[in-house]
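Welcome! Take a look at the structure below, and then we will walk through a few of its features together.

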Amino acid sequence: SVRVFIAIILMLVGLITVSFFSLTAWQCAFVMAFHFVCVLGLVWKNNNLTPFFLFMATFVFLFIGGRFWVTLVDPNFDVLTRGNFFDWRPFTPKEWKYTLKCILLFIYLAGIGYMLIHSKQKDVKVERPTLPDRTSFPNFLSAVLIVLGISIVITTLPRLVTAIHGGGYLSLYLGSQNSAAEAGSGIWNALLWVFFGIVMVYGNKNQRLVAIALISFKLLIFAFIGQRGALGCLFLFYIWYILKERQVKITSLIFVGIVGLIVIGISSALSIRGEGNTGELGVVLKRFLFAQGVSLSTFVDSTRVDAYPTLAYWSSIFPGVGSLASIFSETPIFASDYNFSHYLAYSLNWEQYISGHGLGWTLMSDFYVFSHGKLFFYALFSLIFGLVCGAVERGCYSSTICQIIVYTSFVNFVFLPRAGLDSILPMIVWIMIIFAVVQLLFKLPLHIKKKTEK
């Protein structure tokens with residue numbers, strides 16, 4: 001299509017620019033901001049708000065692009081090549097050029113893969129499945145909601161109390177980073193999200209509203225504790241859920257995005273983790289974008305570490321790898337033994353790590369690690385990622401399992417630029433297992449009849 005051709009030309013121009021020209025910090029910020037806007041324009045289709053578009057928005061405006069925008073609006077605030085408290089070493093020119101090429105390759109090739117699949121879809125409205133007559137499944141969903149409500153209260157309120165009285169935000173992570181993996185850890189949270197997705201697809205209106213309220217309560221508590229991404233992901237979920245079947249003007253979306261950024265930035269400053277980090281609105285927003293853009297330096301740091309643990313590769317795809325390894329291992333298995341993010345933080349600064357600090361991770365780092373730094377394979381993974389995203393979104397028009405995947409993984413998906421595949425792929429495995437059992441018990445419909453919008 002024409003959009004794919006334009007994307008290829010823009011990508012080549014961008015790669016040539018960052019590879020062969022010496023750019024100042026502001027010039028670099030301007031060039032990358034230009035390409036960020038171009039990519040968003042290319043994947044925006046038919047005034048239809050999609051999860052992939054929102055993923056790209058968090059990528060280019062916050063987690064990877066945040067520091068570019070700060071530098072663009074304030075040239076004196078050069079934060080592009082600055083490290084972080086784990087590793088204050090500035091980026092070398094070679095590292096910086098490699099990073100810029102990786103960013104351009106990812107946004108364009110993921111966008112191209114997405115457009116190749118999703119551009120063929122002409123429907124706007126996603127139909128809901130029809131349950132068979134005389135089924136007990138609605139009662140089962142009601143029971144599931146009760147269990148979800150109880151579990152959310154049990155798992156979130158103690159974290160809030162710990163954060164308030166036990167030393168703040170970092171106290172939440174001291175135990176998990178300094179203790180061995182336990183069998184079953186993390187499974188309950190995955191089950192919660194999987195059943196949330198099932199309720200959102202097969203539940204009635206009231207059941208869906210209750211499910212959204214429960215998840216909102218969970219994420220709002222996390223946001224108050226200091227997990228800044230939780231509030232942003234919740235905001236994006238609301239926007240997508242309300243507007244996903246409506247025609248949206250890009251100007252209205254920009255206005256909502258600006259208002260949302262201001263609200264989230266101020267809320268972040270006032271959270272427990274913000275520690276009173278307030279001031280003029282412009283300063284607050286710059287600090288917020290700088291903090292959210294830390295994934296840029298995280299990616300560079302991830303390229304400085306060699307020989308990641310083998311278990312981390314497997315745990316990025318399959319659930320329970322760390323717990324299973326702890327059962328058969330004669331020595332304790334720690335998070336740094338089976339998680340890329342933990343291993344990176346431990347390798348760069350183990351003193352900060354055991355104090356509860358972390359660097360996070362990024363999808364770009366996953367592709368770098370799996371490709372062993374080879375740009376060809378990195379580019380191939382980026383293209384495949386876009387193809388899969390397009391296929392899943394397109395599948396929502398005919399398949400209930402695709403709808404469940406979207407609802408279950410939406411929050412983690414839009415957070416992927418700040419996280420990794422281990423927050424998505426193991427959950428999809430759980431979806432397949434749990435839904436197979438539920439479908440076997442209740443004979444749920446798997447396919448949806450299309451009703452093309454004229």
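The secondary structure of this protein comes to 22 helices and 0 strands. Keep in mind that you are looking at a predicted model. Of its 454 residues, 54% are buried. Among contacts with a separation of 6 or more, 79% join residues that are 24 or more positions apart.

**Helix α1**

- Let's begin with α1, which covers residues 2-20.
- Its 19 residues should span 27 Å at 1.5 Å a residue, and the C-alpha atoms at its ends are 27 Å apart, so expectation and model agree.
- Which residues of α1 are buried? They are Val4, Ala7, Leu10, Met11, Gly14, Leu15, Thr17 and Val18.
- If you look down the axis of α1, these buried residues fall within an arc of 160°, so they line one face of the helix.
- That buried set packs against two other helices, α2 and α5 (93-118).
- Turn to the other side of α1 and you will find Val2, Phe5 and Phe20, which are exposed.

**Helix α8**

- Next comes α8, made up of residues 187-202.
- With 16 residues at 1.5 Å each, α8 should span 22 Å; the distance between its end C-alpha atoms is 22 Å, so the two values agree.
- How many of the 16 residues of α8 are buried? The count is 12, so α8 is largely enclosed by the rest of the structure.
- You can spot an unbroken buried stretch in the list for α8: Leu192, Trp193, Val194, Phe195, Phe196, Gly197, Ile198, Val199, Met200, Val201 and Tyr202.
- Ala190 is also buried in α8.

**The second largest pocket**

- The second largest pocket has a volume of about 990 Å³.
- Its lining is made of 38 residues, and Ala57, Phe61, Gly257, Ile258 and Leu261 are the ones that lie nearest its centre.
- Which helices each supply at least two residues of this lining? They are α2 (25-43), α3 (51-63), α4 (66-73), α10 (228-243), α11 (250-270) and α12 (281-292).
- Of these contributors, α11 gives the most to the lining, with 9 residues.
- Sorted by class, the lining of this pocket has 28 nonpolar, 8 polar and 2 charged residues.
- Notice that α2 turns up in two places: the buried residues of α1 pack against α2, and α2 also supplies at least two residues of the pocket lining.

Note on methods. Residues numbered from 1 in each chain as written. Predicted model: local features only at pLDDT ≥ 70, side-chain atom pairs only at ≥ 80, totals over all residues. Heavy atoms only, no water. 1 Å grid on protein atoms, 1.4 Å probe; cavity = no way out; pocket = protein on both sides within 12 Å on 5 of 7 lines; lining within 4 Å. Points joined across faces, edges and corners; volume = space filled by probe spheres on them. Helix = DSSP H or I, 4+ residues; strand = E, 2+ residues; numbered from the N terminus. Nonpolar A, V, L, I, M, F, W, Y, C, P; charged D, E, K, R; others polar. Expected span 1.5 Å × (residues − 1). Buried < 20%, exposed > 50% of the residue type's maximum accessible area, 1.4 Å probe, protein only. Arc of directions from axis to C-beta. Contact = heavy atoms within 4.5 Å.
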